[in-house]
Amino acid sequence: TVKTEHTENQIIIKVSDNGTGMTDEVKAKIFQPFFTTKPTGQGTGLGLSLAYDIVTKGHGGTLEVESVEGEGATFVVKLPL
């Protein structure tokens, strides 16, 4: 699901899935370059790292992940107006 919210000084975008969620170890590394949970040769581990840099450095926002193992994950993008 995708949800959006507009506050006085920012736009909030939440993208949620109903997957298996993430362990605390994966959450701690999820935005690091070259980190992937995919098998060797099936992912570069750059997608979330690049997205993080675009949101934080390019737009002055934040990108966070909320997840409980077994309950899916939600990525929260906050962009200043």
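What follows is a chat about how a few labels on this predicted model were earned.

Biologist: Why is the contact between K27 and D24 called a salt bridge?

Modeller: The closest N and O atoms of K27 and D24 are 3.4 Å apart. The cut-off is within 4 Å for a Lys nitrogen and an Asp carboxyl oxygen, so the label fits. Both residues lie in helix α1, three residues apart, about one turn of the helix.

Biologist: And what makes K57 and D53 a salt bridge?

Modeller: Their side chains come to 3.7 Å, N to O. That is again within 4 Å, so the pair counts. K57 and D53 are four residues apart in helix α2, and therefore about one helical turn separates them. The count by this rule comes to two salt bridges.

Biologist: What is the idea behind pairing them at all?

Modeller: Side chains of opposite charge can pair when their charged atoms come close.

Biologist: Why is D24 called exposed, and K27 partly exposed?

Modeller: Exposed means over 50% relative accessible area, and partly exposed runs from there down to 20%. D24 has 58%, so D24 is exposed. K27 has 25%, so K27 is partly exposed. In the other pair, K57 at 68% counts as exposed, while D53 at 30% counts as partly exposed.

Biologist: Where does E64 sit, and why is E64 called partly exposed?

Modeller: E64 is in strand β3, residues 62-67. Its relative accessible area is 36%, so E64 is partly exposed. Leaving out residues up to four places away in sequence, E64 touches F31, T74, F75 and V76.

Biologist: What makes F34 worth a look?

Modeller: F34 has a positive phi of about 70° although it is not a glycine. F34 is in the loop between α1 and α2. With 61% relative accessibility, F34 is over the 50% mark and so counts as exposed. G60, just after α2, also takes a positive phi of about 70°.

Biologist: How do you know that the span of α2 is close to what is expected?

Modeller: Helix α2, residues 47-58, has 12 residues and reaches 15 Å from its first C-alpha to its last, against the 16 Å expected at 1.5 Å a residue.

Biologist: What lines the largest pocket, and how is the lining split by class?

Modeller: Among the lining residues are V26, I30, F35, K38 and G45. By class the lining has five nonpolar, six polar and one charged residues. Gly counts as polar, so G45 goes in that class. The pocket holds about 230 Å³ of space.

Notes:
Residues numbered from 1 in each chain as written. Predicted model: local features only at pLDDT ≥ 70, side-chain atom pairs only at ≥ 80, totals over all residues. Heavy atoms only, no water. Helix = DSSP H or I, 4+ residues; strand = E, 2+ residues; numbered from the N terminus. Expected span 1.5 Å × (residues − 1). 1 Å grid on protein atoms, 1.4 Å probe; cavity = no way out; pocket = protein on both sides within 12 Å on 5 of 7 lines; lining within 4 Å. Points joined across faces, edges and corners; volume = space filled by probe spheres on them. Buried < 20%, exposed > 50% of the residue type's maximum accessible area, 1.4 Å probe, protein only. Contact = heavy atoms within 4.5 Å.
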